[in-house]
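This report describes the fold of one protein chain, moving from the chain as a whole to one of its sheets. Please examine the sequence and the structure before reading on.

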Amino acid sequence: MDTPGLHAGYTAVLRDFRLEFSRGGAYTGIVLILLGMGLDSALYPDKQSAFTGARILVSVLIFCVVLAMRTRWAQDRIQGLTFVWLILPQIMIAWMIAVTEGATSIYYVGMTLAIYSSGIVLAFGLWQNMVFGAISCLLYVAACAWHAGGFDLAGTFVVNCLFLIMSASISAVFTYFNERARFMLFQLKAEVAQKNTQLEETNKSLADIKGQMLQQEKMAAIGTLAAGMLHEVNNPVNFCMMAIEVAIEDPAAKQSALVSECLADAKQGMLRVQHIVSDLKTFAYRKSGNQLETGHFQFRSALDAAIRLVGHETKNVSISHDLPVDTLVRGDEAAIVGVLINLLGNAVLSMRKGNAPPFEIRITAHWEENRLRISVRDNGPGIAPENLARVFEPFFTTREVGQGLGLGLSISYGVIERHGGTLSAESELGEWASMNFDLQRSDWEGR
């Protein structure tokens with residue numbers, strides 16, 4: 001996890017935690033201070049009035065500190081304010097020790113309780129707790145020195161000082177381990193929250209993949225059905241072509257310009273149907289495994305097939321190409337046709353969404369040693385720089401919800417990678433975008 005970010009979050013949570021506990025501790029301290037009037041009444045009835053006034057004054061001061069904690073300024077200084085209200089009872093107790101029995105006064109127990117509470121109950125830091133313990137011990141020494149009877153460096157004074165030092169040491173140890181425990185608990189909660197977020201993202205991705213797999217299964221079923229239909233369609237098309245050829249050669253048809261023109265149009269239409277059937281067959285039967293190594297095809301014919309198959313999408317779009325004479329490459333023609341269909345479809349969609357006519361797509365190819373470098377470039381709005389490196393990520397899409405899963409370019413990238421090449425993107429925002437890939441030259445001798 002990001003340690004600086006984790007510590008920043010922990011600091012923010014700890015501030016709220018300290019504020020809550022400091023308020024609770026302050027209210028508890030006020031109650032205990034006021035209850036101590038019963039102790040004063042039992043032990044020192046002659047000093048009841050003075051002690052009661054002192055207790056009320058300290059309680060009011062602590063309550064003022066609690067009120068100050070409601071301000072934004074005070075919330076950023078909660079540790080200092082907690083230190084202030086904790087030291088006020090210690091000063092009061094030190095004064096009571098000084099005006100009563102000095103080193104033998106029972107009031108030193110109150111100092112011990114305050115030291116323990118600072119380390120066990122309140123979210124003090126280690127150094128703050130050590131300073132608080134040291135100041136408490138010094139206040140006890142000053143109270144004993146101020147006592148009218150003075151004190152000896154032996155007996156009760158030494159024992160009480162040792163108890164105060166031990167209390168401060170134990171409190172410091174508790175503070176250290178409490179701080180570690182709080183941080184570890186926060187870290188654990190942060191890790192659990194992060195894992196939950198990752199799990200939600202994984203579940204979402206799995207749901208998208210499941211939907212895509214179902215779609216692929218449907219497409220595979222449709223492809224199987226289409227393959228049989230294409231075979232059935234091809235036979236009557238061939239019969240029609242033969243009939244048209246016979247009709248064209250008939251003398252009666254040659255004597256009628258209208259009949260000849262109609263037969264020529266019918267022939268062109270049937271040729272178009274033949275092309276579509278041929279392209280669909282090419283697209284339907286894909287190679288796998290080592291067939292990619294042994295397969296070969298003319299890239300020019302794959303491009304022509306792809307352009308024809310996206311003809312319904314490319315109306316009013318000018319598509320031009322500049323290819324070398326020899327475009328024989330190795331691989332799966334159907335898979336490359338699929339890649340070209342995806343690239344052309346994306347280019348058309350991008351241009352129509354972000355630009356005004358004219359819409360232009362230019363496909364260029366050239367040989368670099370044994371690799372055919374192909375570029376499909378459009379004059380659309382381009383790709384934002386922050387998205388350029390992500391366009392091939394699975395499920396990344398800039399389309400509206402429901403308009404695409406963001407898998408087309410990712411799948412195309414995988415196809416080109418299986419062919420030993422690389423699919424990359426270039427763009428100038430607002431001007432153009434280009435998709436580039438390369439294919440291996442075929443060494444087939446029968447070319």
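## Contacts along the chain

In this predicted model, contacts between residues at least 6 apart in sequence were examined, and 74% of them join residues at least 24 apart.

## Overall composition

The chain has 447 residues, of which 37% count as buried. Its secondary structure consists of 14 helices and seven strands.

The area that the chain exposes is about 25200 Å². Carbon and sulfur atoms supply 62% of this area.

## The five-stranded sheet

An open sheet is formed by five strands, and their order across the sheet is β2-β4-β5-β7-β6. The pairing of these strands is mixed. At the edges lie β2, residues 317–322, and β6, residues 424–428; each of these two strands pairs on one side only. On average, neighbouring strands of the sheet are turned by 15° against each other, with direction ignored.

At one of these edges, β6 pairs with β7, which covers residues 432–440. The two strands are joined in the antiparallel sense over five bridges. Within this pairing, Glu426 stands opposite Ser434 of β7.

## The helix on the sheet

Which strands does helix α11 touch where it packs on the sheet? Helix α11, residues 299–309, touches β2, β4 (359–368), β5 (371–378) and β7. The direction of helix α11 makes about 175° with that of β2, and β2 is itself an edge strand of the sheet.

Terms used:
Residues are numbered from 1 along each chain as its sequence is written. This is a predicted model: local features need pLDDT of at least 70, side-chain atom pairs count only at pLDDT 80 or more; totals for chains, interfaces and linings use all residues. Side-chain values use heavy atoms; hydrogens and water are left out. Two strands pair if DSSP finds at least two bridges between them. Helices (H or I, at least four residues) and strands (E, at least two) are DSSP runs, numbered from the N terminus. Axes are lines fitted to C-alpha atoms, for helices over the stretch in contact, and angles run from 0 to 180 degrees between N-to-C directions. Contact means heavy atoms within 4.5 Å. Buried means under 20% relative accessible area, exposed over 50%, partly exposed in between (1.4 Å probe, protein chains only). Accessible areas come from the Shrake-Rupley method with a 1.4 Å probe; for residues, only the protein chains shown count as cover.
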